[in-house]
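User: Hey, got a minute to go through this one with me? I'd like to start with the aromatic side chains.
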Amino acid sequence: MKEEVITVGNEARRRAYLDALGITAWQRREANAESAREGETAPAQPMATPPPQAPTSPGTQPSDPSPSSQPEVAGLDWSALTEQVAHCQRCRLHETRTQGVFGVGNPEADWLFIGEAPGAEEDRRGEPFVGRAGQLLDAMLHAAGQSRDSVYIANIIKSRPPKNRDPKPEEIAACLPYLRRQIQLIQPRLVMLVGRVSAQTLLDSTAPLGRLRGQVHRLPGFGIPAVVTYHPAYLLRSPLEKRKVWADLRLARKTLEEGM
């Protein structure tokens, strides 16, 4: 098991990150008491791990492209996987994208954050979660004692859908082998599912995001603890929900510390 490394800034920086999340700074003793109360009223309830299978978007059947018509992904090392994403033509999104957005961060991270799909700025720069949403994600990370360098950040799909629409089921099915291989290579201790599409797809659920929050799931096919939270883009539209994200991050840290 990899050793967890938590990078914590000074108190002034921590307060600034908490302010960005709309959280009033609290004292450790009070936080511990609050955590204890939450543990009494809403304990984490890990889900049973089903047999390994390729996750699909809700309401669809597994439909990975056949080996005869698509490049093989299983068994690729990090370099080969990066190269294949860069030249991928597994779905028609390659026709409109600028470049594939593989991911960013520490490939040996304990925390893996998985979002939905690249937007316009991500497509231009080749990095997930940039712009205003990316700045808010950075604040979320630092509030939890992490950074882009200490975690790994990826998306369900690697190419931007036109006009930032939701990914189609066939696009998700074509791209999931890349994400699954990333998970196998990173071997994270915890996965944060960021946003509705990410949560519903990887948990194979049609439940609304609000019902998927507040508990520790197990990632189907891997058994890795998974915590669901809101997407930063949603928080920019609904800033009052930021406190819920702080609760999700605390649950994630507690899960790591307790080795759940």
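Analyst: Sure. Keep in mind that this is a predicted model. Trp78, Phe102 and Tyr152 are joined into a cluster by ring pairs.

User: How many aromatic pairs are there in the whole structure?
Analyst: The search turns up 4 aromatic pairs. In one of them, the ring centres of Trp78 and Tyr152 are 5.4 Å apart and the planes sit at 85°, so that pair is edge-to-face. It connects distant parts of the chain, with Trp78 in helix H3 and Tyr152 in strand E3, 74 residues apart.

User: And Tyr152, buried or exposed?
Analyst: Tyr152 is buried, at a relative accessible area of 3%. Trp78 has 24% relative accessibility, so it counts as partly exposed.

User: How are the rings of Trp111 and Phe113 arranged?
Analyst: Those two are stacked, because their planes are at 20°, with the centres 5.8 Å apart. Trp111 is buried at 1% relative accessibility, and Phe113 is buried at 1% too.

User: What about charges over rings? Which residue lies over the face of Phe102?
Analyst: That's Lys158, 5.9 Å from the ring centre. Elsewhere, Arg90 has its charged end over the ring of Tyr178, 5.5 Å from the centre.

User: OK, switching to salt bridges. How many does the whole structure have?
Analyst: The count is 11 salt bridges. One of them pairs Asp110 with Arg189, where the closest N and O atoms are 3.8 Å apart. Asp110 is in the loop between strands E1 and E2, and Arg189 is in the loop between helix H6 and strand E4, so the bridge ties together parts 79 residues apart in sequence.

User: Are those two buried or exposed?
Analyst: Asp110 and Arg189 are both buried.

User: Which residue does Arg148 meet in a salt bridge?
Analyst: Glu127, at 2.9 Å from N to O. Here too the pair links distant parts of the chain: Arg148 sits in the loop between H5 and E3, Glu127 in the loop between H4 and H5, and they are 21 residues apart. Arg148 is buried at 15% relative accessibility, while Glu127 is partly exposed at 23%. There's also a network, in which salt bridges with shared partners join Glu121, Arg124 and Arg125.

User: Where do Arg125 and Glu121 lie?
Analyst: Both are in helix H4, 4 residues apart, or about one turn of the helix. Their closest N and O atoms are 3.9 Å apart. Arg125 is partly exposed at 46% relative accessibility, and so is Glu121 at 27%.

User: Which buried Arg has no salt bridge?
Analyst: Arg218 is like that: the nearest side chain of opposite charge is Glu258, 9.6 Å away. Arg218 is in strand E5, and its side chain reaches the backbone oxygen of Gly223 at 3.1 Å.

User: Last topic, helix H10. How far apart are its end C-alpha atoms?
Analyst: They are 25 Å apart, which agrees with the 24 Å expected for 17 residues at 1.5 Å a residue. Right after H10 comes Gly259, with a positive phi near 65°.

User: Which residues of H10 are buried?
Analyst: The buried ones include Trp246, Leu249, Arg250 and Ala252. Ala252 is 7.5 Å from Leu190, C-alpha to C-alpha, although 62 residues separate them in sequence. Leu190 lies in strand E4 and counts as buried, with 0% relative accessibility.

Methods:
Residues numbered from 1 in each chain as written. Predicted model: local features only at pLDDT ≥ 70, side-chain atom pairs only at ≥ 80, totals over all residues. Heavy atoms only, no water. Helix = DSSP H or I, 4+ residues; strand = E, 2+ residues; numbered from the N terminus. Expected span 1.5 Å × (residues − 1). Buried < 20%, exposed > 50% of the residue type's maximum accessible area, 1.4 Å probe, protein only. Lys, Arg positive; Asp, Glu negative; His and termini not counted. Salt bridge = Lys/Arg side-chain N within 4 Å of Asp/Glu carboxyl O. Polar contact = N/O pair within 3.5 Å; in protein donor to acceptor, adjacent residues only side chain to side chain. Phe/Tyr/Trp six-rings, centres within 6.5 Å; stacked < 30°, edge-to-face > 60°. Lys NZ or Arg CZ within 6 Å of the ring centre and 35° of its normal.
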